[in-house]
Amino acid sequence: MGGGDADAIGLARDGDDACGVILRVRDGRVLAREHRFLENVEHESEANVLSAFLVRFYLPLEGRVPHVLLPFAPAEAELLEQLAPDVEWHVPQRGTNAKAGAAGR
């Protein structure tokens, strides 16, 4: 992120439930943390749960920034790109951003 603006998404699962977290980073500082719950996801893949979270809770948000960090690749990434062509979805592989993504799992 390098002190810029980004939204970082995290996801945790416990049995049949999942909790997604959105960290809103502006000028290198965390300004807000929002969490939302998904239920009945026990038989869904991690990628499907992440996609459902993004479509249901992230895409409708006001004030999204074009740079979004994800903990791993979502299912149907092409559909997300069509739904939000102004957003660049990133799955960090190395460095500080990769460590932050791993911590969200």
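## Reading a predicted chain, feature by feature

From the N terminus on, the elements of the chain run β-β-β-α-β-α-β-α. This is a predicted model.

Me: Where should I begin, and how many helices and strands does the chain have?

Reply: Begin with the inventory: 3 helices and 5 strands. Then look at the totals. Of the 105 residues, 37% count as buried. The accessible surface comes to about 6,400 Å², and 49% of that belongs to carbon and sulfur atoms. Among contacts between residues at least 6 apart in sequence, 45% join residues at least 24 apart.

Me: Now the sheet. In which sense do E1 and E2 pair, parallel or antiparallel?

Reply: A general point on strands comes before the case. In a regular strand the side chains alternate between the two faces of the sheet. Here, E1 (6-14) and E2 (17-26) pair in the antiparallel sense over 9 bridges. To find the register, follow two partners: Gly10 is bridged to Val21 in E2, and Ala8 stands opposite Leu23 in E2. In the hairpin of these strands, 2 residues lie between them, and Gly15 takes a positive phi near 65°.

Me: How many bridges join E2 to E3?

Reply: E2 and strand E3 (residues 29-38) run antiparallel and are joined by 9 bridges. One position to look at is Cys19, which stands opposite Phe37 in E3. The hairpin of E2 and E3 also has 2 residues between the strands, with Asp27 at a positive phi near 50°. As for cover, 7 of the 10 residues of E2 are buried.

Me: Which strand pairs with E1 in the parallel sense?

Reply: That is strand E4 (residues 67-69), which pairs with E1 over 2 bridges. Go back to Ala8: its bridge partner in E4 is Leu69, while in E2 Ala8 stands opposite Leu23.

Me: Let's go inside. Which residues of the largest nonpolar core touch the most other members?

Reply: In soluble globular proteins, nonpolar side chains tend to be buried together. In this model the largest nonpolar core has 21 residues, and Ile9, Leu38, Phe53, Leu54, Tyr58, Val68 and Trp89 touch the most other members. Strand E1, strand E2 and helix H1 (46-58) each supply at least two residues of this core. H1 gives the most, with 6 residues. Try displaying Trp89 with its surroundings: leaving out residues up to four places away in sequence, Trp89 touches Leu54, Tyr58, Leu59, Val68, Leu70, Leu80, Glu81 and Ala84.

Me: What about a polar residue in H1: is Ser51 buried or exposed?

Reply: Ser51, which is found in helix H1, counts as buried because its relative accessibility is 11%, below the 20% cut-off. Beyond its neighbours within four places in sequence, Ser51 is in contact with Pro74, Ala75, Glu76 and Leu80.

Me: Which residues make the nonpolar surface patch?

Reply: Val55, Leu79 and Leu83 make a patch of about 240 Å². Val55 lies in helix H1 and is partly exposed at 41% relative accessible area. Leu79 lies in helix H2 (residues 77-83) and is also partly exposed, at 37%. Compare sequence with space here: Leu79 and Val55 are 24 residues apart in sequence and 9.8 Å apart C-alpha to C-alpha.

Me: And charges: how many salt bridges are there?

Reply: The count comes to 4 salt bridges. For each pair, check which elements the partners lie in and how covered they are. Asp7 forms a salt bridge with Arg26, with the closest N and O atoms 2.9 Å apart. Asp7 lies in strand E1 and Arg26 in strand E2, so the pair ties together parts 19 residues apart in sequence. Asp7 is buried at 0% relative accessibility, and Arg26 is buried at 16%.

Me: Which residue does Arg13 meet in a salt bridge?

Reply: The side chain of Arg13 meets Glu46, at 3.2 Å from N to O. Arg13 lies in strand E1 and Glu46 in helix H1, so this pair ties together parts 33 residues apart in sequence. Arg13 is partly exposed at 26%, and Glu46 is partly exposed at 37%.

Me: Which residues are joined into one network by shared partners?

Reply: Start from Glu34 and Arg24, whose closest N and O atoms are 3.0 Å apart in a salt bridge. Glu34 is in strand E3 and Arg24 in strand E2, 10 residues apart. Glu34 counts as buried at 18% relative accessibility, and Arg24 counts as buried at 11%. Salt bridges that share partners join Arg24, Glu34 and Arg36 into one network.

Terms used
Residues are numbered from 1 along each chain as its sequence is written. This is a predicted model: local features need pLDDT of at least 70, side-chain atom pairs count only at pLDDT 80 or more; totals for chains, interfaces and linings use all residues. Side-chain values use heavy atoms; hydrogens and water are left out. A nonpolar core is a set of buried Ala, Val, Leu, Ile, Met, Phe, Trp, Tyr and Cys residues joined through side-chain atoms within 4.5 Å. Buried means under 20% relative accessible area, exposed over 50%, partly exposed in between (1.4 Å probe, protein chains only). Helices (H or I, at least four residues) and strands (E, at least two) are DSSP runs, numbered from the N terminus. Contact means heavy atoms within 4.5 Å. Two strands pair if DSSP finds at least two bridges between them. Accessible areas come from the Shrake-Rupley method with a 1.4 Å probe; for residues, only the protein chains shown count as cover. Patches are made of residues with over 30% relative accessible area and no salt bridge: like charges are joined within 9 Å, nonpolar side chains (Val, Leu, Ile, Met, Phe, Trp, Tyr) within 5 Å.
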